[in-house]
Amino acid sequence: MASSALSRISNINRHLKPTASLFDSDGAIRMPVKISLEVSNALSRGHAVVALESTIISHGMPYPQNLETAKEVEAIVRTNGAVPATVAILDGIPCIGLSIEQLERLAILGTQAQKTARRDIAHIVATKGNGATTVSATMFFASMVGIPVFVTGGIGGVHRHGENTMDISSDLTELGRTPVAVISAGVKSILDIPRTLEYLETQGVCVAAYKTNEFPAFFTEKSGSKVHCRVDTPENCAQLIDATIKLKLGTGILIAVPIPKEHAASGSLIESAIQLALKEARDKNIIGNAETPFLLARVNELTGGASLASRLSLAALDIALVKNNAAIGAKISVALAQIRKSCDTGDAQPVS
């Protein structure tokens, strides 16, 4: 496994040097991707690597809080035994693994960096622009270089009234076609969670809940929707990822981690605020892509930033969730690397 990874990374690095030919031997145009030395070395040795998105840096909070958060999340990944690989597009070059200088540049750019989903990648690259990757784009690049674990805060989903607007996040279709495990806090409760889970089922995506039988709703531990797959340890998660890869299912996995109890929101307070915000959105005929930003802003206003037991703001809640997911995701990545190492050395144990 490690030798195949080394070959893959060596080929990528060799092909993507500025002085290299623009074409492979078979005439295919090469994709310009820059992998940091730390990430490249970790992948070549079969060590644990965790992909991280960059939208939370550019669009999640102001500078310098965004830079400090990015550093803290990467530090949590390292503390738990894995190498962080933050993904972004800088000057038209997709970068997997950012230096401190690159993180700071992205943090200072803020919303000047375009929020980049899969559909936007080619445009940002072609125009030599700067892009902060969302879930779908981060998954795409992680899969390209062989990173099987990706940590984020929450994922997108089917928007309320999505059966009429067809407003469905590209995160869901990406999960249906890209073999990367996404560690998240579930789906925000402003979205239609039951329809989101139905859509993921249609896409053939395994949805697992961590230490619970119920799908978490980002702000709260429970959504009212049950899951068919429960995983209780990082090792369970790693075994699920390993089986999915070996079976070549070609789909991602969503591992939903409930919000830590010390940060759990008051379910009745947040739900009443959401229902009021939804009513206001209907009264003002706010639908489609404009609905979610309106709901998030209005819920924050209605709760006064006090919807959490610890009185964290909604932005601070995002940070708390990402940090919690980063710790768990790193442990999962380490467990997966150990499984692969055992298989390489012939010491694999039967799974009970």
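Here is a walk through this protein, from its overall make-up to a strand, a helix pair and a loop residue.

Keep in mind as you look around that this is a predicted model. The protein has 14 helices and 11 strands, and of its 352 residues, 52% are buried. How do the contacts spread along the sequence? If you take the contacts between residues at least 6 apart in sequence, 71% of them join residues at least 24 apart.

Let's start with strand S11, which covers residues 253–256. In a regular strand, side chains alternate between the two faces of the sheet. You can follow that here: Ile253 and Ile255 point one way from S11, while Leu254 and Ala256 point the other way. Are these residues buried or exposed? All of them are buried.

Now look at what S11 pairs with. Strand S8, residues 181–184, pairs with S11 in the parallel sense, and four bridges make up that pairing. Strand S9, residues 206–210, is also joined to S11 by four bridges, and S9 and S11 run parallel too. Ala256 is a handy spot to park your view. Ala256 of S11 is the bridge partner of Ser184, and Ala256 is the bridge partner of Ala209 as well. Add to that the burial of Ala256, whose side chain points the same way from S11 as that of Leu254.

Next, the helices. Two packed helices are described by the angle between their axes and the distance between the axes. For helix H9 (residues 170–177) and helix H10 (residues 193–202), the axes come within 9 Å and cross at roughly 30°. Angles under 35 degrees count as roughly parallel, so H9 is roughly parallel to H10. The crossing of this pair is right-handed. Which residues make the contact? On the H9 side they are Leu172, Thr173 and Leu175, and on the H10 side Thr196, Tyr199 and Leu200. Sorted by character, the residues of this contact come out as four nonpolar and two polar, with no charged ones.

Finally, head out to a loop. His228 sits in the loop between S9 and strand S10, the latter being residues 229–231. Is His228 buried or exposed? Its relative accessibility is 87%, so His228 counts as exposed, in contrast to the buried residues of S11. For a sense of where the loop residue lies, try Phe215: Phe215 and His228 are 13 residues apart along the chain, and their C-alpha atoms are separated by 9.7 Å.

Key. Residues are numbered from 1 along each chain as its sequence is written. This is a predicted model: local features need pLDDT of at least 70, side-chain atom pairs count only at pLDDT 80 or more; totals for chains, interfaces and linings use all residues. Side-chain values use heavy atoms; hydrogens and water are left out. Axes are lines fitted to C-alpha atoms, for helices over the stretch in contact, and angles run from 0 to 180 degrees between N-to-C directions. Helices (H or I, at least four residues) and strands (E, at least two) are DSSP runs, numbered from the N terminus. Angles under 35 degrees count as roughly parallel, over 145 as roughly antiparallel, 65 to 115 as roughly perpendicular and the rest as oblique. A crossing is left-handed if the near helix is turned anticlockwise from the far one by less than a right angle, and right-handed if clockwise. Contact means heavy atoms within 4.5 Å. Ala, Val, Leu, Ile, Met, Phe, Trp, Tyr, Cys and Pro count as nonpolar, Asp, Glu, Lys and Arg as charged, and the others, Gly among them, as polar. Buried means under 20% relative accessible area, exposed over 50%, partly exposed in between (1.4 Å probe, protein chains only). Two strands pair if DSSP finds at least two bridges between them.
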